[in-house]
Amino acid sequence: MEEPDVKLRPLFEACGEVVEIRPIFSNRGDFRGYCYVEFKEEKSALQALELDRKNVEGRPMFVSPCVDKSKNPDFKVFRYSTALEKHKLFISGLPFSCTKEELEEICKAHGTVRDIRLVTNRAGKPKGLAYVEYENESQASQAVMKMDGMTIKENVIKVAISNPPQRKVPEKPEAKKGPGGPMVPRQIYGARGKGRTQLSLLPRALQRPSTTAAQAENGPAPKPAVSTAATTEAPKMSNADFAKLLLRK
């Protein structure tokens with residue numbers, strides 16, 4: 001987008017007086033696709049949030065409040081409900097060519113439609129999914145019974161009460177408890193409980209060889225060494241052998 005501040009200003013000025021539109025550019029001067037918009041009044045900013053996912057030059061524009069993450073680390077931009085919504089429907093299997101107006105024409109036959117949201121990816125392409133909000137629960141239930149299994153442009157759609165899945169939060173590894181107190185998680189220190197690059201600072205002269213340690217570290221324990229005295233011991237000789245030695249001399 002060329003001159004994003006000029007093109008976006010009329011869009012946001014419809015919500016209230018705009019103090020500044022600050023687009024973000026790369027080091028080469030290319031627009032990075034996002035900007036900051038400051039309003040004179042807070043109510044104007046709240047109204048501008050309704051522009052979220054508005055189509056701008058063929059792509060959806062995502063609008064969210066500007067929050068200092070250092071002061072509010074737990075703030076989440078995700079603003080859609082993740083609980084059971086009995087007055088909303090979740091529709092899947094829609095043809096990608098289905099428009100919001102076409103879907104609204106089908107849904108309003110079963111009650112008063114308050115809002116329809118077609119799910120798209122970041123590039124603005126439809127995913128064949130939609131959320132339809134009715135005025136009350138009874139209208140939504142009636143629409144489920146009438147619309148589930150309906151065929152739209154040769155596509156059989158599925159309709160159910162909206163029940164978005166809970167967002168998964170990565171769990172932090174907990175320290176294991178041992179006889180002497182909490183133990184450090186194994187994956188941090190490797191398979192043997194120590195760092196693989198840990199060095200021994202004990203002088204080699206003071207180290208005691210341990211066959212059990214050698215067996216645990218490198219496999220089977222080595223066989224005990226045979227004393228040199230036993231290997232060099234001369235074989236026993238008889239009187240006849242001594243006589244032969246004397247005759248040779």
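User: Happy to look at this predicted model with you! Which residue forms a salt bridge with Glu-41?

Analyst: Let's look at the charged side chains in this predicted model. Glu-41 is partly exposed, at a relative accessible area of 40%. Its closest N and O atoms to the partner are 3.7 Å apart, which counts because the cut-off is within 4 Å. The salt-bridge partner of Glu-41 is Lys-43.

User: Is Lys-43 buried or exposed?

Analyst: The relative accessibility of Lys-43 is 59%. Exposed means over 50%, so this residue falls in that class. Lys-43 is exposed.

User: Thanks! How many salt bridges does the structure hold?

Analyst: The pair of Glu-41 and Lys-43 is one salt bridge, and Asp-30 with Arg-28 is another. Counted over the structure, the number of salt bridges is nine.

User: How far apart are the closest N and O atoms of Asp-30 and Arg-28?

Analyst: Asp-30 is partly exposed, with a relative accessible area of 38%, while Arg-28 is exposed at 74%. The two form a salt bridge. Their closest N and O atoms lie apart by 3.4 Å.

User: And which residue forms a salt bridge with Arg-53?

Analyst: Arg-53 is partly exposed, at 33% relative accessible area. The closest N and O atoms of the pair are 2.7 Å apart. The partner of Arg-53 is Asp-52.

User: Is Asp-52 buried or exposed?

Analyst: Asp-52 sits in the loop between helix H2 (42–48) and strand E3 (54–56). Its relative accessible area is 12%, and the limit for the buried class is under 20%, so the class follows directly. Asp-52 is buried.

User: Which residue has its backbone nitrogen 2.8 Å from a polar atom of the Asp-52 side chain?

Analyst: Good one to check in the viewer. The side chain of Asp-52 takes part in the salt bridge with Arg-53. A polar atom of that Asp-52 side chain also lies 2.8 Å from a backbone nitrogen, and that nitrogen belongs to Val-63.

User: Turning to the strands, what residue stands opposite Glu-85 in E10?

Analyst: Strand E5 covers residues 85–92 and strand E10 covers residues 158–162. Five bridges join these two strands, which run antiparallel. Opposite Glu-85, in E10, stands Ser-162.

User: Which residue in E7 is the bridge partner of Leu-89?

Analyst: E5 is also joined by five bridges to strand E7, residues 126–134. The strands E5 and E7 run antiparallel. In E7, the bridge partner of Leu-89 is Val-132.

Definitions and conventions:
Residues numbered from 1 in each chain as written. Predicted model: local features only at pLDDT ≥ 70, side-chain atom pairs only at ≥ 80, totals over all residues. Heavy atoms only, no water. Buried < 20%, exposed > 50% of the residue type's maximum accessible area, 1.4 Å probe, protein only. Pairing = 2+ DSSP bridges. Helix = DSSP H or I, 4+ residues; strand = E, 2+ residues; numbered from the N terminus. Polar contact = N/O pair within 3.5 Å; in protein donor to acceptor, adjacent residues only side chain to side chain.
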